[in-house]
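Thanks for coming. I will go through one structure, starting with a sheet, then charged pairs, then backbone and cysteines, then confidence.

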Amino acid sequence: MATVREVIIPKEKKKDGTWNVKIRVNHNGKTLYIKTQHFVGQKQIRSDFTIKDPIILKAVNPVLDDYRTKISELGPKLELYDVERLINYLVNDGAISADQINVIEFAFNRIAELKEKKRLASAADMTKVVNSLVDFFGSKIIPVTEIRSKMLYDYEKYLRQEREIERPDQFGNTYTRTVQGLSDTGLHNHMRDLRILFNNIKDHYNDEDLGIVVVKHYPFKKYKLVAVPENEKPKLTINQVLAIRDFDATKDSRMELARDLFMLSFYLCGMNAADLHKLPADETLKERVNYNRSKTKSRRKDKAFISINIPDVATSLYVKYAGKLQERYSTHITLDHALMKGMHGIAKSLCIPDLEFYDARHAFGDWARNICRFSKDDVALALNHKDQSKAVTDIYLSKNWAIIDEVQEAVIKLLLNNKIKMLPKKNIRIKGSEILLKATA
């Protein structure tokens with residue numbers, strides 16, 4: 001049942017002592033308000049804040065009657081409306097046009113929802129899209145009708161170029177910096193996120209059950225996302241990971257942080273930085289760490305739960321950082337930035353090209369499969385790629401963390417049983433300033 005009524009909101013008293021007259025719309029236990037052009041002062045309301053001025057009531061009553069008539073005309077269809085869509089129907093006769101939909105305003109609301117759900121990485125990705133759209137159009141008002149296939153190709157060219165952008169720092173001050181053009185992979189991810197935003201807009205404003213199609217065009221039908229190139233980046237060798245493990249970093253530096261968390265991630269079967277950031281402090285160290293992988297828990301029936309053994313070699317690092325990263329970095333986004341800087345410094349010192357924190361996870365999986373010869377299913381289980389509630393076969397199987405323990409133990413032994421070995425000069429190949437060492441197993 002939907003009801004409408006004229007009201008004022010007591011706490012929204014303006015500096016001049018007046019209140020805006022609003023129309024309260026209540027439907028299915030939820031309430032929203034529609035502003036009007038009318039204002040009332042203290043003498044025009046009762047002690048209970050209801051409006052008594054006959055002139056105001058005479059002006060508002062026809063609007064209320066019109067709204068009530070529209071609600072009655074909906075009949076059984078009323079139950080298909082939420083309160084937001086009902087207000088849109090009342091105010092715009094259900095006929096809001098696509099050019100009235102501001103992509104940026106919608107995106108900011110979507111980002112707020114993602115943050116509320118603790119999906120900070122998705123919120124950060126969406127924020128990048130919003131900022132770049134504002135840069136491209138030079139405006140914060142972008143009708144959804146402006147997102148067309150031709151615009152997407154022009155936008156793609158823009159994103160590939162080196163450009164200057166203005167962004168606020170942590171203190172809210174604006175600064176200018178130069179950013180490089182996006183690679184194929186970066187462009188694919190960026191345009192994918194824009195497509196997600198566009199689909200969110202269509203899902204919000206279109207309703208096939210009600211025959212409502214506000215956003216009629218779909219530019220991604222003609223525009224095709226650039227293909228992600230096959231990852232030809234070589235996986236880290238045992239020699240390289242040993243060099244990272246034994247890297248002499250300055251105490252409390254970003255390189256020390258990157259070195260330690262890189263190895264802790266490796267020891268814990270490639271745990272992501274976002275999950276390392278969430279590790280709780282343990283007064284008495286537990287034998288296992290149980291967690292839901294942040295990246296995929298919202299997309300899997302098993303909530304991406306996994307239980308990882310804390311091996312002896314990782315104990316000191318676990319104690320050093322578990323529960324303390326949150327104190328040093330407010331979010332995993334800021335931790336990611338610190339790790340990126342730290343890994344860049346290590347890469348430069350060790351001459352390891354394009355070294356990233358995520359390479360620890362890649363190395364773990366690569367060694368488990370190609371050196372230790374575990375099956376792809378077992379490696380997927382250890383990397384928490386496998387949804388244990390998804391496959392039909394898994395219905396008949398119990399969760400067995402011992403399989404993961406076996407993969408973890410075998411991979412870690414590759415480090416414990418090896419030392420960094422300098423090869424004879426004839427086996428050293430120099431490429432630019434980079435020294436390439438043959439892997440030792």
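What is the strand order in the open sheet of three strands? The order is 1-2-3, and the pairing is antiparallel. Strands here are DSSP runs of E with at least two residues, helices are runs of H or I with at least four residues, and both are numbered from the N terminus. Two strands pair if DSSP finds at least two bridges between them.

Before going on, the ground rules. This is a predicted model, in which local features need pLDDT of at least 70 and side-chain atom pairs count only at pLDDT 80 or more, while totals for chains, interfaces and linings use all residues. Residues are numbered from 1 along each chain as its sequence is written, and side-chain values use heavy atoms, with hydrogens and water left out.

Back to the sheet. Strand 1, residues 2–7, and strand 3, residues 30–40, are at the edges with a single partner strand each, so one side of each has no neighbour in the sheet. From one strand to the next, the twist averages 20°. Angles run from 0 to 180 degrees between N-to-C directions, and axes are lines fitted to C-alpha atoms, for helices over the stretch in contact.

Strand 1 and strand 2, the latter covering residues 19–27, run antiparallel and are joined by six bridges. One pairing to look for on screen: A2 has H27 in strand 2 as its bridge partner. Helix 1, residues 54–74, packs on this sheet and touches strand 1, strand 2 and strand 3, with its direction at about 170° to that of strand 1. Contact means heavy atoms within 4.5 Å. Helix 2, residues 83–92, also lies across strand 1, strand 2 and strand 3, and runs at about 35° to strand 3.

Next, the charged pairs. A salt bridge is a side-chain nitrogen of Lys or Arg within 4 Å of a carboxyl oxygen of Asp or Glu. By that rule the count is 18 salt bridges.

Take D135 and R167, whose closest N and O atoms are 2.7 Å apart. D135 is in helix 4, residues 120–137, and R167 is in strand 4, residues 163–168, so this pair ties together parts 32 residues apart in sequence. For accessibility, buried means under 20% relative accessible area, exposed means over 50%, and partly exposed is in between, with a 1.4 Å probe and protein chains only. D135 is partly exposed at 28%, whereas R167 is buried at 13%.

D193 and R192 form another salt bridge, at 3.3 Å from N to O. Here the acid, D193, is buried at 11%, and R192 is partly exposed at 30%.

A further example is K413 with E409, at 3.7 Å from N to O. Both residues belong to helix 15, residues 401–416, where being four residues apart separates them by about one helical turn. K413 is partly exposed at 41%, and E409 is partly exposed at 48%. There is also a network of salt bridges, which links E256, R259, D260 and K320.

Now the backbone. N28 has a positive phi, near 55°, and is a residue other than glycine. N28 sits in the loop between strand 2 and strand 3 and is partly exposed at 46%. C351, again a residue other than glycine, has phi near 60°. C351 is in the loop between helix 12, residues 332–350, and helix 13, residues 359–370, and is partly exposed at 27%.

On cysteines: a disulfide is a pair of cysteine sulfur atoms within 2.5 Å, and the count by that rule is zero. Among the cysteines, C269 is buried at 2% and C372 is partly exposed at 22%.

Last, confidence. pLDDT is the predictor's confidence in each residue, from 0 to 100. The protein chain averages 86, and 89% of the residues score at least 70. Where is confidence lowest, and where is it highest? The lowest is strand 8, residues 429–431, at a mean of 35, and the highest is helix 8, residues 254–267, at 97.

Two stretches stay under 50. Residues 392–398 do so, with three contacts beyond four places in sequence. Residues 422–441 do so as well, with 24 such contacts in the model. Where pLDDT is low, the predicted coordinates should not be read in detail.
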